Amino acid sequence: MKWAISYLWLLFACVAFSQIETGIEQGEIGIEQGEIAAGSRWETPYFIIHGKEPGPKLILTGGVHGNEPAGSLAAEQIRNWNILRGTLVVIPRVNALGLEANTRFVPGAEQGEQDLNRNFPKPGSKNEATGALAKSLWEFVTEQKPDWLIDLHEGYGFHQLQPGSVGSSIIDSDTIETDRSVPSMLHAVNAGIGQEKLQFVNLSPPIKGSLARATAEFLGASTMILETTSKDQRLPFRVRQQRVMVHELLSQIGMIAPDATPSMTPPADGDGLKIAIFDDEGVSSNGADEVVKTALQIPRALAWRVDAEDIRDGALKRFDLVVFPGGSGSKEAAALQESGRGIIRDFVESGGGYVGICAGAYLAAANYPWSLRISNHQTFCESREVPGLGKKSMWYRGNSATVAMELSAAGKSVLGDFPDTLQVRYHNGPIVSAAGLDSLPKYQVLAWFRSEVSQYDLQQGTMTGTPAIISTEFGNGRVLCVSPHPESTDRLRPLLAHGMEWAGGR
Ligand SMILES: [Zn+2]
């Protein structure tokens, strides 16, 4: 046992040393890791991050309900913050199986024990949790003797509009400490919400059987449940709201530097590709999901969603690659605003990678007032007079369809050794030709369309034989533009994953 402990300390020392070496922000005493419910199907990791100075111990939990992803993602990001004082204990994926299956309940739990957040000891009853996962978590939390426990959740509706939901609320255990912190947490998160009825409100106490209620009643800690609202709000926005609230609390109780920002911080360790996937106005409903699935096929890759505000806040400096999924290129550009578009250009110019799929390939083009001009291509999009129908824009070719695509030799070396001709989903992606700008290098064609779809007679013959996938460079960065949707088909995801690795410089 003794050797095990000293080995562990050696490991801490190495971690601390490598962090000092690289200047990465992280507690210098180190990080302990282990598992809750170890060896069972519900096994899930915890992280204990020690600050340099003594201070409070705060437990942060996410993903207790598996269909509430924002809290889990926020906890994953917060665990990489630089803790100055005290100890931050993070269990980012409490109900890991539920998160995978996108279900509130714990998969495989006994009848009556499926809602994890009703399985902790209730006021006035025995100090005992029900169900294997709750028992293991409760034992861990009890051993930790926390001063604070913050549990991150999501509601389906805004509480002010739908009182049946606790969405957009902070539910606290009513201690002197929580009463001191809740107003400034509300102030911080509500500063980013224009409509008053969508703002966060304070509720209390946490429901009986919840982890927050039990930790307050049985362990005497100050506890809160932070609830974002999933209705009509994209994931990166909800994750940022969670970060902002936790950030306000941690800075109030002195655990992080007062000038720290609630940033999206990937882990300092790990050599995997760090991929930012745009998920904001203009991205189609499942566009980002399919890109995340594709990105996670790359070994050790980290794939986090970002929105325009994250980008304007400087999140990209922590990533190797940004991906713009399908949807509407002009709307994606509008969401970014001019400053965000400038940041993308600077990011690529200084060596970052760019992958644009369908809308993202319009966004990279050189021919629109709103486009990024990081690739020397233009798109076939002018309006033409269609007999009997009036002026029609040529980009529109109708519903989603399958077309044939042929890889070039260059395409095979970047995208992998796939059969020459592939069937791929196409949905109004750009019909690409050279823009001929002197300031940009020529692009390379990695794949050609070998069949076409059209809505109007005028479009016939304008797609077959044009580039389906092109690659180029902008400054020190690599740019990949993909007109069709390989991310929509399981068998073509590896092709796009290779393209992402190439664009990310791997
Ligand atoms: Zn919940």
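Take residues 54-155 to start: their end C-alpha atoms lie 35 Å apart, and the span is 28% helix and 24% strand. An unreviewed UniProt entry annotates this stretch as "domain: Succinylglutamate desuccinylase/Aspartoacylase catalytic". Bear in mind as you look around that this is a predicted model.

Now for the metal. The zinc ion has His-65 (ND1), Glu-68 (OE), Glu-68 (OE) and His-153 (ND1) as its protein donors, at 2.1 to 2.5 Å. Read along the chain, the donors follow the spacing H-x2-E-x84-H. His-65 sits in the loop between strand 3 (53-62) and helix 2 (69-78), while His-153 belongs to strand 5 (residues 148-155), so the two histidines tie together parts that are 88 residues apart in sequence. Both are tucked away: His-65 counts as buried at 3% relative accessibility, and His-153 counts as buried at 1%.

What about the geometry of the site? The angles among the four donor atoms run from 55 to 144°, and the site is irregular. Four donors count as tetrahedral only if all angles lie between 85 and 135 degrees, so a range of 55 to 144° does not qualify. For reference, the ideal angle for four tetrahedral donors is 109.5 degrees.

Next, look at Ser-222, which is in strand 8 (residues 222-229). Ser-222 counts as buried, with 4% relative accessibility. Setting aside neighbours within four places in sequence, its contacts are Asp-147, Trp-148, Leu-149, Ser-173, Thr-175, Glu-177 and Thr-178.

Trp-148 turns up again in the surroundings of Ile-253. With neighbours within four places in sequence left out, Ile-253 is in contact with Pro-56, Leu-58, Arg-85 and Trp-148. Ile-253 itself is found in the loop between helix 7 (235-252) and strand 9. Its relative accessible area is 16%, so Ile-253 is buried, the cut-off being under 20%. Glu-177 comes back into view here too: its C-alpha atom is 9.3 Å from that of Ile-253, although the two residues are 76 apart along the chain.

Step back and the chain is divided into domain 1 (29-252) and domain 2 (274-503). Their C-alpha centres lie 38 Å apart. How do the two meet? Nine residues of domain 1 are in contact with twelve residues of domain 2. The size of an interface is often given as the accessible area lost when the parts come together. Here, the area buried between domain 1 and domain 2 is about 830 Å², with carbon and sulfur atoms giving 45% of it. On the domain 1 side, Arg-234, Pro-236 and Arg-240 lose the most area, together 66% of what that side buries.

Over in domain 2, pick out helix 8 (residues 287-295): seven of its nine residues are buried, so the helix is largely enclosed by the rest of the structure. The buried ones are Gly-287, Ala-288, Glu-290, Val-291, Val-292, Thr-294 and Ala-295. And what do they pack against? Four strands and a helix: strand 9 (274-278), strand 10 (302-306), strand 11 (321-324), strand 12 (353-357) and helix 13 (493-503).

One more record-based stretch rounds off the tour. The unreviewed UniProt entry places "domain: Biotin-protein ligase N-terminal" at residues 317-490. The end C-alpha atoms of that span lie 30 Å apart, and its make-up is 20% helix and 32% strand.

Key. Residues numbered from 1 in each chain as written. Predicted model: local features only at pLDDT ≥ 70, side-chain atom pairs only at ≥ 80, totals over all residues. Heavy atoms only, no water. Donors = N, O, S within 2.8 Å, 3.2 Å for Na, K, Ca; no water. Tetrahedral: all angles 85-135°; square planar, octahedral: opposite > 155°, others 65-115°. Buried < 20%, exposed > 50% of the residue type's maximum accessible area, 1.4 Å probe, protein only. UniProt positions renumbered as here; feature names shortened; annotations may be inferred. Domains from an automatic or database assignment. Contact = heavy atoms within 4.5 Å. Buried area = accessible area lost by both parts, 1.4 Å probe.
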